[in-house]
Structure formats: C-alpha cells, structure tokens
Amino acid sequence: MSETNRKRLRELLTTRYAELRRRIEYRLGSSEGAEDALQETWLRVDSMDMNAIKPIRHPASYLVQMAVNISIDQYRREHRYAAEPDSDELAAREDELSDPVRRVAGEREVETLETALMGLSPRRRAIVLAVRLEGTPHRELAERFGISERMVAKELRAALDQCAAQLKQGRDAVKVDRKGKRHG
C-alpha cells in the first residue's frame, strides 16, 4: 500500500505538474517559489516513509500543502537570523527601559494583551499560545481539538485579529507624548 501511495503521488506530480504549480503559485504568490517547492516536494515524496503517513484521500491537495509547507520552512530557515540585530546594533540602540513613559506604555500594552487573551474562547486562546509560544504545528492542533487544519488557521486568524483590535483600542485610549502628558 505504501509504495502504491508513493507511485500515485509521483504520477500526479508528473501528469498534473502545471496545475499543481499554478495552485502553489497562487498560494505563495511566486512562480519561482512554486517551481522550487515542487522540485523539493518530488525529492521529499521520493524519500518519505510512506508507512508513517495516513492514507491520502486527496493527493493533489496533499502535494500542494506539502509544497507550501516546504516553501514556508525554507523561508523561515533563510530569514531566521536576518531579522535579528547584531550586538553592535543592539549596543547602539537607545535603552527603552530607561524612558519611564515607554516602560509604562509597554507595561500597559502587555496588560492589554493579557486581557485580550483572557477574552478569547478557551480553544482560541489555547491555539494562539500553542502556535505562537510553543510553535505547535497546525496538524497537531487539529488532531488535539478534533477540527481541520483549515479551522485551526481560521481560529488563529480570528484570535489574532481580536487581540490586535484590543491592542489598537488600548493604544488609542491613552496617547502619551514624550513629556508624559496624556492625550485622548
């Protein structure tokens, strides 16, 4: 059965390559990224332990999602250290904690975020914390909560939107200028 799945996926990659590439390009927004992801998908299918995966009901969707995940993982690997400032840059930055107004504003923002998280449904809160703090994959959360990966993504988006709205509302409620005067 496992080699049958591998053969089926290879055949699908070969016969419907253009369609798969278009679907992946749509999801990634990049033709070049879709090409790279499909090539890596072929290699992964070739080296996968087919006994470790469940039966594949929708092989085309499976391949598209695999390619998108590969592309996301590759992007994260390439950009993990690019976003982190080096020690010289950190030393050159102003110490934000030395400014009491900024410190108080930061503390308020943390309190607002905590309040926003507590205002979420238990499932949404658990999903946000698992994804953002623990890096739990959507697939694992889908299994944990008995929902689809797509529903995990929808719940995460709704939770993040709700938290962002509360943070914005908190920022708008009290505007503080550099001299410590409240506005609003």
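Select Tyr17, Leu20, Arg21, Ile24, Glu25 and Leu28 in H2, then add Ser31, Gly33, Ala34, Glu35, Ala37 and Leu38 in H3: these two sets meet. Coloured by class, the contact of H2 with H3 shows 7 nonpolar, 2 polar and 3 charged residues. Keep in mind throughout that this is a predicted model.

Next, show H2 and H3 as cartoons, with H3 running over residues 31–47. How far apart are the axes of H2 and H3, and at what angle do these helices pack? The axes lie 8 Å apart and the angle is about 125°. H2 therefore counts as oblique to H3. Viewed along the line of sight through both, the crossing of H2 and H3 is right-handed.

Now move to the largest pocket, which has a volume of about 2,000 Å³. To find its centre, select Gln65, Asn69, His138, Arg139 and Glu149, the lining residues that lie nearest to that point. The full lining of this pocket comprises 37 residues.

Which helices each supply at least two residues of that lining? Select these ranges in turn:

- H2, residues 17–28
- H4, residues 59–79
- H7, residues 122–132
- H8, residues 138–145
- H9, residues 149–173

H2, already on screen from the contact with H3, is thus also one of the helices that line the largest pocket. Stop at H4, which gives the most to the lining, with 11 residues.

Finally, colour the lining of the largest pocket by class: 16 residues are nonpolar, 8 are polar and 13 are charged.

Conventions
Residues are numbered from 1 along each chain as its sequence is written. This is a predicted model: local features need pLDDT of at least 70, side-chain atom pairs count only at pLDDT 80 or more; totals for chains, interfaces and linings use all residues. Side-chain values use heavy atoms; hydrogens and water are left out. On a 1 Å grid over the protein atoms alone, a cavity is a set of points where a 1.4 Å probe fits but cannot get out, and a pocket is an open set with protein on both sides within 12 Å along at least five of seven lines; lining residues have an atom within 4 Å of a point. Grid points are joined across faces, edges and corners, and a volume is the space filled by probe spheres set on the points. Helices (H or I, at least four residues) and strands (E, at least two) are DSSP runs, numbered from the N terminus. Ala, Val, Leu, Ile, Met, Phe, Trp, Tyr, Cys and Pro count as nonpolar, Asp, Glu, Lys and Arg as charged, and the others, Gly among them, as polar. Axes are lines fitted to C-alpha atoms, for helices over the stretch in contact, and angles run from 0 to 180 degrees between N-to-C directions. Angles under 35 degrees count as roughly parallel, over 145 as roughly antiparallel, 65 to 115 as roughly perpendicular and the rest as oblique. A crossing is left-handed if the near helix is turned anticlockwise from the far one by less than a right angle, and right-handed if clockwise. Contact means heavy atoms within 4.5 Å.
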